[in-house]
Amino acid sequence: MTAQLPFLPFSRPTIDEDTIAAVGDVLRSGWLTNGGPQVAAFEAQLSAYFGGRPVRTFNSGTCTMEIALRIAGVGPGDEVITTPVSWVATANVILEVGATPVFADIDPVTRNIDLDKLEEAITPRTRAIIPVYLAGLPVDMDRLYAIADKHKLRVVEDAAQAFGSTWKGRRIGAFGDFASFSFQVNKNLTTGEGGCLVMNTAEEAALADKFRLQGVTRSGVDGIDVDVLGGKYNMTDIAAAIGIGQMKTIDVVNAHRRTLAAHYFKSFGLDFEAQTGAQLPQQAFDTSNWHLFQIILPDRGPTTRADFMTHMKSDFNVGTGFHYAPIHLFTLYREMGFKEGMFPESERIGRLTVTLPMFYAMTEADVERAVAAVKSVLAK
């Protein structure tokens, strides 16, 4: 009977009619791609959101990190420290610039990179750090930047999931070094696909302009030059129009997500962890934007994550996901010498993490339905 209820996905974007109409206006304008008025307007709004810092938009939240590393001068012979628990793009961009990825294990409570282990991993070859704000939860920003300053390292914040997250009342991206955000379809603010990079100076922004469009610099009516190796990473005006529409409601969206997260904790109850052996996320309502709500399954019993996810869908019509498999155990990284046992917390979390439904159109009744399903499956 429960399975006959409508499918509850783990994520679903909300695009209002005004935004759909705005995309239609762009299509009718004839200016669809790079350098258009919608991109310029979106970048201006983002810059204001981040306290006036330079911002450039791109076609993904992956190339933003690669470009940040290139602006920072990171390349062959350099090491960059990051976490094993992230989407593989976080480490792949290190390889893309010719540098060597170095992993540090995670904190079992926050599930973010353990800053003690990060500092232990620093060598004379370390040039940068890429911390990841998993599910929208920042690391200890004061400690992060104290470490970076002490060792003279650049920081490329993988804030893909943290649009609207804060640290001591300040928005992530409004301070610090580079901050990279993703606008992929399941993010709190989406452009379908896309991302932005927050930088420090006009000079860095000018270099980002070159890197995102083939290294080209134009001057006068027909002047053109290429002095760096760039790619094709620009955001389209179509995507920017969606982003502008999303900016109008982002604070409301994030507030609702916090309400849903609070209702998750209330619905699970104080004894859920003790009764099941599962682990709920940290209750970080003063910092996280609650991009994801993730539980850690009990590390015991016959039920695998695959079984759990299958029963959630087949028995209760509730969708789930997992974020993420440990990067160092992918074949590409095993071939570099990484192996099981090197980062035990990352491997445990990577094996047992499950993402529950969390999106703007959800109701508290949807939360209760998801929690009831979790409890029923774990009780089997």
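Reader: Before we look inside, what is a cavity, and how many of 30 Å³ or more does the structure hold?
Author: A cavity is a set of grid points where a 1.4 Å probe fits but cannot get out. Please keep in mind that this is a predicted model. With a size limit of 30 Å³ or more, the number of cavities in the structure is two.

Reader: Thanks! Which residues lie nearest the centre of the largest cavity?
Author: This cavity holds about 130 Å³ of space. By class, its lining has nine nonpolar, four polar and one charged residues. There are 14 lining residues, and those nearest the centre of the largest cavity are T110, L134, A135, L137 and P281.

Reader: And how many residues of each class line the second largest cavity?
Author: About 40 Å³ of space lies in the second largest cavity. You can find its walls by looking for A160, Q161, F163, S182, K187, N188, L189, N289 and H291. Sorted by class, the lining of this second largest cavity comes to three nonpolar, one charged and five polar residues.

Reader: Now to the open spaces: which residues are closest to the centre of the largest pocket?
Author: A pocket, unlike a cavity, is an open set of points. The largest pocket has about 490 Å³ of space. Its lining divides into 13 nonpolar, 12 polar and three charged residues. Of the 28 residues in that lining, the closest to the centre are W87, Q161, Q184, K187 and Y324.

Reader: I see cysteines in the sequence. How many disulfides does the model have?
Author: A disulfide needs a pair of cysteine sulfur atoms within 2.5 Å. For C63, the nearest cysteine sulfur belongs to C196 and is 11 Å away, so C63 is in no disulfide by that cut-off. C196 is likewise in no disulfide, its nearest cysteine sulfur being that of C63. The count of disulfides is zero.

Reader: Is C196 buried or exposed?
Author: Residues under 20% relative accessible area count as buried. C63 falls in that class, with a relative accessible area of 4%. C196 has a relative accessibility of 0%, so C196 is buried.

Reader: Which residues of helix α4 are buried, and what covers them?
Author: Helix α4 spans residues 89–96, and its buried residues are A89, T90, A91, V93 and I94. Just after the helix comes G98, which takes a positive phi of about 85°. The cover over the buried residues of α4 includes α3 (63–71), β2 (79–82), β3 (100–103), β4 (126–130), β5 (154–158) and α12 (331–334).

Reader: Which residue in the turn between β10 and β11 has a positive phi?
Author: Strands β10 (residues 216–219) and β11 (residues 223–226) run antiparallel and are joined by four bridges. One place to see the pairing is V216, whose bridge partner in β11 is V226. The two strands form a hairpin with three residues between them, and the turn residue with a positive phi, of about 60°, is G220.

Reader: Last one! Which residues is T353 in contact with, leaving aside its neighbours within four places in sequence?
Author: You will find T353 in strand β13 (residues 353–356). Its relative accessibility is 1%, so T353 counts as buried. Apart from those sequence neighbours, the residues in contact with T353 are Q294, I295, I296, R305, G321, F322, H323 and Y324.

Technical notes. Residues numbered from 1 in each chain as written. Predicted model: local features only at pLDDT ≥ 70, side-chain atom pairs only at ≥ 80, totals over all residues. Heavy atoms only, no water. Buried < 20%, exposed > 50% of the residue type's maximum accessible area, 1.4 Å probe, protein only. Contact = heavy atoms within 4.5 Å. 1 Å grid on protein atoms, 1.4 Å probe; cavity = no way out; pocket = protein on both sides within 12 Å on 5 of 7 lines; lining within 4 Å. Points joined across faces, edges and corners; volume = space filled by probe spheres on them. Nonpolar A, V, L, I, M, F, W, Y, C, P; charged D, E, K, R; others polar. Pairing = 2+ DSSP bridges.
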